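Trainee: I would like a close look at one part of this structure. Please take me through a single cavity and the parts around it.

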Amino acid sequence: MKTLLRHLAVFLFFSLLFPAPSLPARAEIVAAAASLQPAMEKAIPRFNSEHGTDLQGVYGASGNLARQIESGAPFGLFLSADEKWARYALEKGLLDGDPLPFVKMPLVLWRMGSDAPSLDLLGSDGLKVAIANPETAPFGRMAKEYLQGKGFFEKIEKSGRLILGGDVLKTALAAQSGGADLTVIPLSVALRLEGGKWTELDTPPQVLFGGLVKGKKTAHLEAFWDFLRSPGAEPVMKEFGFIPVDR
């Protein structure tokens, strides 16, 4: 019961931090994976200022966003943290053309403190490890696959030391607040956290994909999508750890 109440308290705490946005009926909305939120919170306002637009961002786990689009959410541009959920939207007839890659993002190990964490800590007994939900968050799935490949995942899970978050931002904040000793998250999120250090993991970066949504896209969203895949967006994206893809 105490564990249940503690989990409920954490859920309510983060619900207050990330409330559901109030959106006008005709808003032009970018639905982006949580790993993109730090960059989009700078890129979207800058684009709006330069183009006289009023684009808005909504953030969450890619799988949740894809299903919200499927349910009729008014999102005109979908930016997924992997190809899987972008393809899911395409196969459901929701996207206007094939999803396209636009950036890559490394995976890192993060912990509170002044010293960068050693990868050996993942094999330590007693340390809780937080990852995003692998079922809906691509970086959660990537983290799980990394831990499995290194032989850590089963041990961490069986000993009750695995902490699952909803998306990567909430997972990171849970670790920052003491809910876990270590967390495996994208670099973009680690760069946003204060009070800790990170070490890049020895695995290829994740490729992020996006696409315009049928019936919801607008000329402004098309222009923003073109911008994100142009050299003009690279300075903002690189600031938050994203790596350009080959064009």
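Mentor: Start with the second largest cavity. Three elements, β4, α10 (234–239) and β11 (243–244), each supply at least two residues of its lining. Keep in mind that the model is predicted.

Here is the lining by name. It consists of F102, V103, L228, A233, E234, M237, F242, I243, P244 and R247. Sort these residues by class and you get eight nonpolar, no polar and two charged. The volume of this second largest cavity is about 30 Å³.

How many cavities of 30 Å³ or more are there? The count is two. The largest cavity holds about 40 Å³ of space. Its lining includes A33, G60, A81, F139 and D167. By class, the largest cavity is lined by eight nonpolar, three polar and one charged residues.

Now go back to the second largest cavity and pick out F102, one of its lining residues. F102 is buried. W225 is buried too. The rings of F102 and W225 have centres 5.4 Å apart. Their planes stand at 75°, over the 60 degrees needed, so this pair is edge-to-face. Where do the two rings sit? F102 is in strand β4 (residues 100–105), while W225 is in helix α9. The pair therefore ties together parts that are 123 residues apart in sequence.

W225 has another neighbour to look at. R229 lies over the face of W225, 4.6 Å from the ring centre.

Stay with helix α9 and turn to F227. Its partner is F47. The ring centres of F47 and F227 are 5.8 Å apart, and the planes meet at 45°, so this pair counts as tilted. F47 belongs to helix α2 (residues 37–51) and F227 to helix α9 (residues 219–228). This pair thus ties together parts 180 residues apart in sequence. Is F47 buried or exposed? F47 is buried, with a relative accessible area of 3%. Ring pairs also bring in F224: F47, F224 and F227 are linked into a cluster. In the whole structure there are five aromatic pairs.

Next, put β4 and β11 in their setting. Both belong to an open sheet of six strands. The order is β2-β1-β3-β10-β4-β11, and the pairing is mixed. Which strands form the edges? They are β2 (55–60) and β11, each pairing on one side only. So one edge strand, β11, also supplies residues to the lining of the second largest cavity.

Move along the sheet to β3 and β10. Strand β3 (residues 77–80) pairs with strand β10 (residues 206–212) in the antiparallel sense, over four bridges. Look for L79: opposite it, in β10, stands G210.

Finish with some other strand pairs. Strand β5 (residues 107–112) runs antiparallel to strand β8 (residues 182–186), and four bridges join them. W110 has T183 in β8 as its bridge partner. β5 also pairs with strand β9 (residues 196–200), again antiparallel, through five bridges. There, L109 has T199 in β9 as its bridge partner.

To retrace the route, begin at the lining of the second largest cavity, where F102 is found. Step from F102 to W225 through their edge-to-face ring pair. Then follow α9 to F227, whose ring pairs with that of F47 in α2.

Methods
Residues are numbered from 1 along each chain as its sequence is written. This is a predicted model: local features need pLDDT of at least 70, side-chain atom pairs count only at pLDDT 80 or more; totals for chains, interfaces and linings use all residues. Side-chain values use heavy atoms; hydrogens and water are left out. Rings of Phe, Tyr and Trp (its six-membered ring) pair if their centres lie within 6.5 Å; planes under 30 degrees apart count as stacked, over 60 as edge-to-face and the rest as tilted. Buried means under 20% relative accessible area, exposed over 50%, partly exposed in between (1.4 Å probe, protein chains only). A charge sits over a ring if NZ of Lys or CZ of Arg is within 6 Å of the ring centre and within 35 degrees of the ring normal. On a 1 Å grid over the protein atoms alone, a cavity is a set of points where a 1.4 Å probe fits but cannot get out, and a pocket is an open set with protein on both sides within 12 Å along at least five of seven lines; lining residues have an atom within 4 Å of a point. Grid points are joined across faces, edges and corners, and a volume is the space filled by probe spheres set on the points. Ala, Val, Leu, Ile, Met, Phe, Trp, Tyr, Cys and Pro count as nonpolar, Asp, Glu, Lys and Arg as charged, and the others, Gly among them, as polar. Two strands pair if DSSP finds at least two bridges between them.
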